[in-house]
Amino acid sequence: QVQLVESGGGLVQAGGSLRLSCAASGSISSISNMAWYRHTIGNQRELVARITSGGSTSYADSVKGRFTISGDIAKKTVYLQMNSLKPEDTRMYYCQSNLRPRSTADFMYYWGKGTLVTVSS
């Protein structure tokens, strides 16, 4: 069974930093990319940052220059370093991965249960 587990959320003052971690486990054949999403005000999930197996990264405009995604896809681990945090960054943050379980030939999307980031003003 494939699982994604996030950690590192918490309460921080505006201007502070947090580092989120996500680890994938289970019977995984291949990982295409890993990403961080967060809830919007309308309860949709928006992409925050993504890293591919080739090391390419992409970011939402709202976090460029403040957040950095890193990790080792081969080790099934991804991080999100969040600096200069703002109160509007207060959200649930979710790890997502496009991966291929050993039980199938298809790539599928998996989600973690989320970790809460709260930024006080």
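1. Let's start with a loop. Lys76 sits in the stretch that joins β7 (67-72) to β8 (77-82). Its phi angle is positive, about 60°, although Lys76 is not a glycine. Keep in mind as you look that this is a predicted model.

2. Is Lys76 buried or exposed? Lys76 falls in between: its relative accessible area is 25%, and a residue counts as buried only under 20% and as exposed only over 50%. So Lys76 is called partly exposed.

3. Now follow the chain to the loop between β8 and β9 (91-101), where you will find Ser84. Ser84 is another residue other than glycine with a positive phi, here near 50°. With a relative accessibility of 41%, Ser84 counts as partly exposed.

4. Stepping back, what elements make up the protein? It has eleven strands and zero helices, so when you trace the order from the N terminus you can simply read β at each step.

5. On overall dimensions, a compact globule of 121 residues would have a radius of gyration near 14 Å, and the protein agrees, with 14 Å. Along the principal axes, its C-alpha atoms fill a box of roughly 45 × 25 × 25 Å.

6. As for the inside, 39% of the 121 residues count as buried. Among contacts with a separation of 6 or more, 56% come from residues 24 or more positions apart.

7. Finally, the surface and the charges. The protein exposes about 6,300 Å², with carbon and sulfur atoms supplying 46% of that area. There are 13 positive and 7 negative charges, and the mean positions of the two groups are 5 Å apart.

How values were computed
Residues are numbered from 1 along each chain as its sequence is written. This is a predicted model: local features need pLDDT of at least 70, side-chain atom pairs count only at pLDDT 80 or more; totals for chains, interfaces and linings use all residues. Side-chain values use heavy atoms; hydrogens and water are left out. Helices (H or I, at least four residues) and strands (E, at least two) are DSSP runs, numbered from the N terminus. The radius of gyration is taken over C-alpha atoms; the globule rule is 2.2 Å times the number of residues to the power 0.38. Buried means under 20% relative accessible area, exposed over 50%, partly exposed in between (1.4 Å probe, protein chains only). Contact means heavy atoms within 4.5 Å. Accessible areas come from the Shrake-Rupley method with a 1.4 Å probe; for residues, only the protein chains shown count as cover. Lys and Arg count as positive and Asp and Glu as negative; His and the chain ends are not counted. The place of a charge is taken as NZ of Lys, CZ of Arg, CG of Asp or CD of Glu.
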